[in-house]
Amino acid sequence: MSAPKDAAASASSSSSAPKDGAAPSASLSSKDAKAAAKAAKAAKRAAAKGLAVGERQHPPKNEAGTTAGQQAAAAGGQATHQGRGPKESSSAAGAASASSSAPASSGAAAATPSQTLASLASTNASLLQPTQTAAAGPSSSTGTLSSHDLITTVHPPSTSHSTRSTLLTTSLTRSLHPSILQLQQHLASHTLLGSSARAIATLAALRDFIADYKTPRGAVLNRDLVGKLGAQIGGITAARPLGTSAGNAVRYLKYEIGVVPADMGEDEAKNHLISRIDHFVRDRIVLASRVISSHISSKLRSHGDVVVTFARSSVVERCLLDAWQVEGKRFEVICVSGETFDEGPRMAEALLSKGIPTSCVPLTALGSVMPRASLVLLGTASLLADGALYSRAGTATVAMVANRRKVPVIVCCETYKFSERVRLEGVGGNERADGHDDDLEDGSSTPSNLTKLNLVYDLTPAKYITAVASEVGLSGPESVAILLRDYKSILFGS
Amino acid sequence: MPSQMDLLNASSIGGGGSSSLGDNNLASRGRRPLTPIIFAGPGSNLYPLCDPYSSSTTDALPKALLPLANRPLISFPLQHLVSAGFKHAIVLAPSHQHKAIEGALKGVRLHPPAVVGQKGAAAAAAAAASSSTSSNIAVVDGLSAGSKHWESSTNAAIVVELLPLGPYDGKDSNQSSKDTAAGDGQDENDGFRRIARPGTAELLRWVASIGKLETDPLVLPLDLVSPSVPLSSFLLSYYSECDPTPPTLMSLLYQRGAGEAVGREREKEGPARLLAAYGTSSSSSSAPLATHPLLLLSEPPATGAAAMPSLPIRTGMLHAHPRAKISTALLDSHVYVLRRDHVLPLLEARRDFTSLREHVVPFLAKASWQKGLPEKAGWKLAADGEARKTGSEGSGMEEDEEEDLDRPSEKTIARQGQALMRLAFERSSLSKPRKAGGAQLVRAVTCIAPTASMFTATSVPTGSGGGGKQGGGKGNNNASAAATAAAEAAAEEASHFLARANTLPTYLECNRYLLRALVAAGQSGRPVSGGAIPLLVGSMDGNAAGAGSGTGHDISSTAQLSPDTLLPPATSSSSSSTLKIGDRSSIKRCLLSPRVTIGKNVRLSGCVLMDGAVVGDGAKLENCIVGPRARVGERSALKDCDLGCGAKVGERREGRGEKFSREEESDDEGDEVAGGED
């Protein structure tokens, strides 16, 4: 735990780049101290509860012997930050906001090579031979950690029938709640996609569980429920890692359970928790997306804009629909379709059904449609503390091309998707998305040392992003850390 | 005095502790995902083995205890459930059979499910270590036992809750069986008929009325042998159809296939034909079994001279599903998942629906596309709230907020939970835009099991020919070769076999399939097709290859047993359970139960001999089922014959495609020796 933290600290000091003017560094000392204390508390609590419940804890690998600067510069910076996320953020907040935004330079520089790796992996169901990639990749210069090691941290897909039936059997024997079982299957088979949808569905399933929950005699609700909730959440993560959005939702729910007064009656407490869940969904997800859509509408001209979007984000879709139907803006949409899922055509279908002129192009046609674009709207699974996007594979390519063409890139992201973590690369802890074409696994002609790596997410450095639209306003990507710090009490209930 | 008080307190605390333990279990059990229900049917198509009108377990065999590969039939659906991970099942059987079922299940051990995680692995290892010592099925009486007993027996792989057939079964079972014909008057109080065998739909309503049906029922037949379609893949398809609301009906159809190679005579007794219509596959490839909307299930139009030259079909069906397929090659497996909150109102509204298979399922299939049918039937459907929530999610959430203020009832909470889940699915990046026309509330979905036509063409041996005979005749080398061939055939077949042992031909076919599978497993030493066949307590199944050396059976050294003959497990303790085979007898592809006595110079091929059957000297039996305690006289020659419980066939009797039962022996079978052999 301490080694990666040191690495991050020295990385930020060596790069020494709090060069974003937006950081209100020393002005709010008392507030900072308070925020830092809060953050530290939250971090402790999160660490104790195992915040990163959805993602595997990756033991830091052999970084002790090498210099930290090299470590951070390496594309495969091994600090895959699951483990140290909370601590890192607390140090960030404590150090007057500078250190967390530092990776904006070093992180972006480091992310670029690995970014090519990720997008290479995402553009098609690529065949990557791990050792070869390691040899060809830029990270091999340090020699401490190969891409192969990173690839081993990628979550395997659970879409195959045998995996899912084992999952079902296991869950049945463990007596998980029916709603959890249903959610598990939809998550595992990738029929429920999208970070908002997954967060809402996770909350809905846990809500059903709470509604059916009865406190055993002699137990206290808020202690007993957290433990039992953990088993159910374990069932969900067995199907697919929670991800930032659902992870934050679950974290919020656990906090709410924790602060239920002990003298509250059981029914009352359950109703209270259920209403808290409903409030979270309403305020943080549904209403937030409306606020975001009003921000976006204000950025659209009344006629003639060409909006490019990638894959399908529920927030972006809502923004476009609101702008068209409520605000009466007239524009054209180009949906860029990724290779991972069938999301682009579905987006086009949804928009076309509302009468919005929409075309759908593959990612490879990006270069030919980008000259026409006047705005790029992106959704994301998670907005990292350095302003980078952790989003559907292919987003990075779109953002880079748009940036090159000087087309503004606005990211629509509710604050509950803000993450306190920083990623230096997009491979570690990613997920694989190959399930439908099993020909590779079955085909006897495939060499045995060849594995398919079709990643679900990639990492978009903050420098390609013009603005982030969240329910607290339109801001630069580097302000995520500040938003996290300032709004922490509002956002996460602590 | 204080000490006494302390004692009292302690005891009361202890009592409280134990009861709170029960509550603990109840709470930790939570809501079950599905409630598995197995209906022990009468076995109407299994005459003379089963007699639906018999009220004792000695005159006729209860269908639940019909031996299939020497295991009681009921252990097969239980194994399906356990393999899928279920730990609880409700079995509805006539109350006079309960003792017998409980006793029979003591002799069966089920394979634990394959689960991931250390806990499961450890449990599986422990189960393997203690395997074949005792049964892992716990049987409780559903009416008397409280729910807290269920989880107390943690060693059990499954807890079977035995329920009688309706409210009047246990009370006056003696008279109700007699006045079956007169007893269908409606009871005014609860609407359950006072008859011996209420239909499955009535029973489902009764189970719900006594509070045993907390969640959606998963109805299983007693007799499904489906190694190719484990229950879990059916459930995967079910869950892929829940998006997010479950379908009203999920069923499983399979291709007719088994039971066709058992001879012309027997084929006529096979399962009745069924006309099924289904739409084009609605699901993505995420489901292991393709799912289709189920449109029609009915009897096929009559064939022959009086047949209508056309098949009337409503235009409404074709309007809703323009590309429907209509088939008579499919059969209903009687595996259903019904949506509780839809089906229970229907059962209340239509009390004339007595059978799930004959009434409810075809009705649901029709109601899924025929507009106005639910209203016509007086079926008040609880709307999913889809009308309330259209388009804008925000307004829906605000409504929920209003309801939060005045303490919501449990129902509103559940409805809001559904609304929340629906919102999630609307926001999914794979969701499709909602269609303009409101969808039907009733959704009937069916899975179609993969085709079975491939193996029936190739590997089913016909009649007296086939590899088994050669193997049995020519010594060990050929025997092992035949066994490996059988193993390959079984492995090939295992990928497609699916049949219900609910008619005599399919029963025989299931026996044959299981025989081959068991023999193949015995050769290769691995469990049969993922543990689809329950184990017998006591020992491994013996087959003739391994059981030659004295295992307690009294087998003559000059008798010839082909390696694909299944012998009962030899128990050295009781001499009564031994198997006797006389000199120079030749036995091929047979299933022999304990206490079977086979005389000298007997030739058996493809037969099933049940507990206590006696075959006299010099008899020749081919493709016969010999029921418990039935006797075949000396030098009889029977082909495709079935002997019921305790039936007797006289000496030198020749028969082909006949049925013998205890009552018949003096009536129309004139040349039989009437019961003087005892």
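**Buried elements, strand pairing and charges in chains A and B**

Reader: Which residues of H7(B) are buried?
Author: Helix H7 covers residues 231-241 of chain B, and 11 of its 11 residues are buried. Buried means under 20% relative accessible area, exposed over 50%, partly exposed in between (1.4 Å probe, protein chains only). Helices are DSSP runs of H or I with at least four residues, strands are runs of E with at least two, and both are numbered from the N terminus. The buried residues of H7(B) are Leu231(B), Ser232(B), Ser233(B), Phe234(B), Leu235(B), Leu236(B), Ser237(B), Tyr238(B), Tyr239(B), Ser240(B) and Glu241(B).

Reader: What kind of model is this?
Author: Residues are numbered from 1 along each chain as its sequence is written, while chains are lettered from A and ligands numbered from 1 in the order in which they are written. Side-chain values use heavy atoms, with hydrogens and water left out; local features need pLDDT of at least 70, side-chain atom pairs count only at pLDDT 80 or more, totals for chains, interfaces and linings use all residues, and the model is predicted.

Reader: How many residues of strand S7(B) are buried?
Author: Both faces of S7(B) are covered. Ile158(B), Val160(B) and Leu162(B) lie on one side, with Val159(B), Glu161(B) and Leu163(B) on the other. The strand is largely enclosed by the rest of the structure, because its buried residues number 6 of the 6.

Reader: Which residue of S7(B) is the bridge partner of Ala138(B)?
Author: Two strands pair if DSSP finds at least two bridges between them. S4(B), residues 88-92, runs parallel to S7(B) with 5 bridges, and its His88(B) stands opposite Val159(B). S6(B), residues 137-141, also joins S7(B) in the parallel sense over 5 bridges. There, the partner of Ala138(B) is Val159(B).

Reader: Which are the edge strands of the S6-S7-S10 sheet in chain A?
Author: This open sheet has 3 strands, with antiparallel pairing. Each edge strand pairs on one side only, and the two are S6 (382-383) and S10 (457-460) of chain A.

Reader: Which residue of S7(A) stands opposite Ser382(A)?
Author: S6(A) and S7(A), the latter residues 389-392, run antiparallel and share 2 bridges. Leu383(A) has Leu389(A) as its bridge partner. Opposite Ser382(A) stands Tyr390(A).

Reader: What is the bridge partner of Arg392(A) in S10(A)?
Author: S7(A) and S10(A) pair in the antiparallel sense over 4 bridges. Arg392(A) is matched in S10(A) by Tyr457(A).

Reader: Which residue takes a positive phi in the hairpin of S6(A) and S7(A)?
Author: The hairpin has 5 residues between its strands. The phi in question is near 90°, and the residue is Gly387(A).

Reader: Which residues does the cis peptide bond join?
Author: Look in the loop between S1 (35-39) and S2 (67-68) of chain B, where Pro48(B) lies. Omega is about 10° for the cis bond between Tyr47(B) and Pro48(B).

Reader: Is His190(A) buried or exposed?
Author: His190(A) sits in the loop between H10 (178-188) and H11 (195-212) of chain A. Its phi is near 60°, a positive value in a residue other than glycine. With a relative accessible area of 6%, His190(A) is buried.

Reader: What is the N to O distance in the salt bridge of Asp223(B) and Lys63(B)?
Author: A salt bridge is a side-chain nitrogen of Lys or Arg within 4 Å of a carboxyl oxygen of Asp or Glu. Asp223(B) is buried at 1% relative accessibility, and Lys63(B) is buried at 9%. Between Asp223(B) and Lys63(B), the N to O distance is 2.8 Å. This pair links distant parts of the chain, and its residues are 160 residues apart.

Reader: How far apart are the closest N and O atoms of Glu348(B) and Arg351(B)?
Author: Both residues are partly exposed: Glu348(B) at 42%, Arg351(B) at 35%. Their salt bridge brings the closest N and O atoms to 2.9 Å.

Reader: Which residues form one network of salt bridges that share partners?
Author: The structure holds 29 salt bridges over all chains. One of them joins Arg635(B) and Glu634(B) at 3.8 Å, N to O. The network that shares partners is made of Lys63(B), Asp223(B) and Arg500(B).
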